[in-house]
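Let's take a walk through this protein, starting from its outer surface and working inward. Keep the 3D view open as you read.

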Amino acid sequence: MLSPSDLPNSMESEQLVLASCLLSTDGSKYDEVSQILHEQDFFYEQNLIIYNTIKQLALSGEEINEISLLEKLRNNGNEGKVGGLEYIYGIMNTTSTGMQGIWAAKQVKEKSKLRQLIRSCRVSIETALEQSEDSQNLCSKLETDISKINLSYAEDFNINDTISRVKDNLYSNETNEYLPTGIKSYDQSLKRGGFGPGQICIVAARPGRGKTTFAMNVALRSALDGHAVGVFSLEMGDDELIEKMCSTLSGIQVQRIYDKVANKQQLDKFNDSMEEISKLPIYIEEKADTYDKVASKARYWKRKFDMKLMVVDYIQLMKGEGTRRDEQISGISRSLKSLARQLRIPIIVVAQLNRESEKEDRQPRLSDLGDSSSLERDADSVTFLYTLKTDHMEGDKLRWCRSKQRAGQSYAEGQFEFVKHCCRIRDFVNR
């Protein structure tokens, strides 16, 4: 068993970082190394305390030198914990240049990441030996931990990389990353005619108002265009989803086949749709009920199949951390937003509305999103599907309104035709 002192660490690198910060009295070197390091990356307590104190001086705009450092340590009651002025002067005598400080910061970060990796693996080993969690949960948590460790600091922003992506989006049809829904009237109101990379696109409705059908129609359209699609279905099994997609593609009601009333032509058409869908890059997971499981599978799909679109159906069925339900949904919502940006794909998040709009027979509002206001905050677009009591005269009519869209037409509304028997949503045509 490793003792704490056996864990990866480097006293010399930590002291070089501190010396670099102290030799740059205007705080400029702290600003650079703080893009790489956090306090918890320091292994030795006295170095952690000194770095945190330097951070306090930098954030308050005070000059950073050994005198101001010592005074701040005294005021915080930490002088004795770090060895006083003798230890500070010992750091100052460390030969350090600006380049050495950055190099040393990367070394400190590397040792910290190795320690985190050891801790995560150790916890996983202990949990596996206790057999207190199943292997799938354990693997998902470990992969999430490793991903967080690997992404614990970002490279410097490069404007040329961003300009290159913007050019691709603007001018190149071949590399256009915005995926259309296939519903013309709706796509015309979207920024660049589709859902874009890094976006969280919420589709919300009351039960039976077509939210899953809408999401799966978009997923099927994207797959038919050759894009790999990942679907996390917490409400329906994979069999039912595939049946619905076959019905969408063929226009044949599944129930007719179950009831054995479909004629040969209908059967052939449905069988042809099954054959076509069997070749599409659609991947379904129905057991991922936590963010860790979703993220683990999503990263796998991205690496193996270059997934371009992801669907979560639906968010209120996911389990989260926290005692209150709104806390749990907030955490899941923030994490999904981070995942969308990390994978650079749009994520369609299906959500359930509360009963207020239905009871009051009105258009839904953002405040009708159930469980957490963070859904509204984190979303790049929010689309509501709904009907009013007067719509019963036009049975296939489904209203939609998009109450939010970042960097695009902020509000839009229209009508769909919801053909329930074959799970299709399309442009509404007045008859």
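The accessible surface of the protein comes to about 22,100 Å², and carbon and sulfur atoms account for 48% of that area. Please bear in mind that you are looking at a predicted model. Of the 431 residues in the protein, 48% are buried. The secondary structure consists of 18 helices and nine strands. As for how the chain meets itself, take the contacts between residues at least 6 apart in sequence: 67% of them join residues at least 24 apart.

**Open and enclosed spaces**

Rolling a probe the size of a water molecule over the atoms shows where empty space is left. Here, that search gives four cavities of 30 Å³ or more, and there are pockets to look at too. The table sets the largest pocket beside the largest cavity.

| Space | Volume | Nonpolar lining residues | Polar lining residues | Charged lining residues |
|---|---|---|---|---|
| Largest pocket | about 600 Å³ | five residues | 12 residues | 10 residues |
| Largest cavity | about 70 Å³ | five residues | two residues | four residues |

Which residues should you click on to find the middle of the largest pocket? The largest pocket, with its volume of about 600 Å³, is lined by 27 residues, and those closest to its centre are Lys141, Thr144, Lys148, Asp292 and Glu321. Four elements give two or more residues to this lining: helix H7 (98–130), helix H8 (135–150), helix H15 (291–305) and helix H16 (325–343). H8 provides the largest share, with eight residues.

The largest cavity has its own set of lining residues: Arg206, Arg209, Leu353, Ser357, Glu358, Arg362, Pro364, Leu385, Tyr386, Thr387 and Leu388. At least two of the lining residues come from helix H17 (356–360), and at least two from strand S6 (381–386).

**The nonpolar cores**

Now for the packed nonpolar side chains. The largest nonpolar core has 39 residues, and the members that touch the most others are Tyr186, Phe195, Phe214, Ile348, Leu385, Phe416 and Ile425. Helix H11 (residues 211–224) supplies the largest share of this core, seven residues. Leu385 is worth a second look: this core member also appears in the lining of the largest cavity.

What does Ile348 touch, leaving aside its neighbours within four places in sequence? Ile348 is in contact with Phe195, Cys201, Val203, Ala215, Val218, Leu309, Met310, Val311 and Val312. Apart from the largest core lies another core, of 34 residues, including Ala288, Met318, Ile345 and Leu353. Leu353, like Leu385, is also in the lining of the largest cavity.

**Two residues up close**

Is Ser124 buried or exposed? This serine sits in helix H7. Ser124 counts as buried because its relative accessibility is 13%, and the cut-off for buried is under 20%. Not counting residues up to four places away in sequence, Ser124 touches Leu138 and Leu142.

Ile54 belongs to helix H3 (residues 45–59). With a relative accessible area of 0%, Ile54 is buried. Beyond its neighbours within four places in sequence, Ile54 is in contact with Leu18, Cys21, Leu22, Tyr30, Ile64 and Leu69. For Ile64, which lies 10 residues from Ile54 along the chain, the separation between the two C-alpha atoms is 6.9 Å.

Methods:
Residues numbered from 1 in each chain as written. Predicted model: local features only at pLDDT ≥ 70, side-chain atom pairs only at ≥ 80, totals over all residues. Heavy atoms only, no water. 1 Å grid on protein atoms, 1.4 Å probe; cavity = no way out; pocket = protein on both sides within 12 Å on 5 of 7 lines; lining within 4 Å. Points joined across faces, edges and corners; volume = space filled by probe spheres on them. Nonpolar A, V, L, I, M, F, W, Y, C, P; charged D, E, K, R; others polar. Core = buried A, V, L, I, M, F, W, Y, C linked by side-chain atoms within 4.5 Å. Buried < 20%, exposed > 50% of the residue type's maximum accessible area, 1.4 Å probe, protein only. Contact = heavy atoms within 4.5 Å. Areas by Shrake-Rupley, 256 points an atom, 1.4 Å probe, with all protein chains shown as cover.
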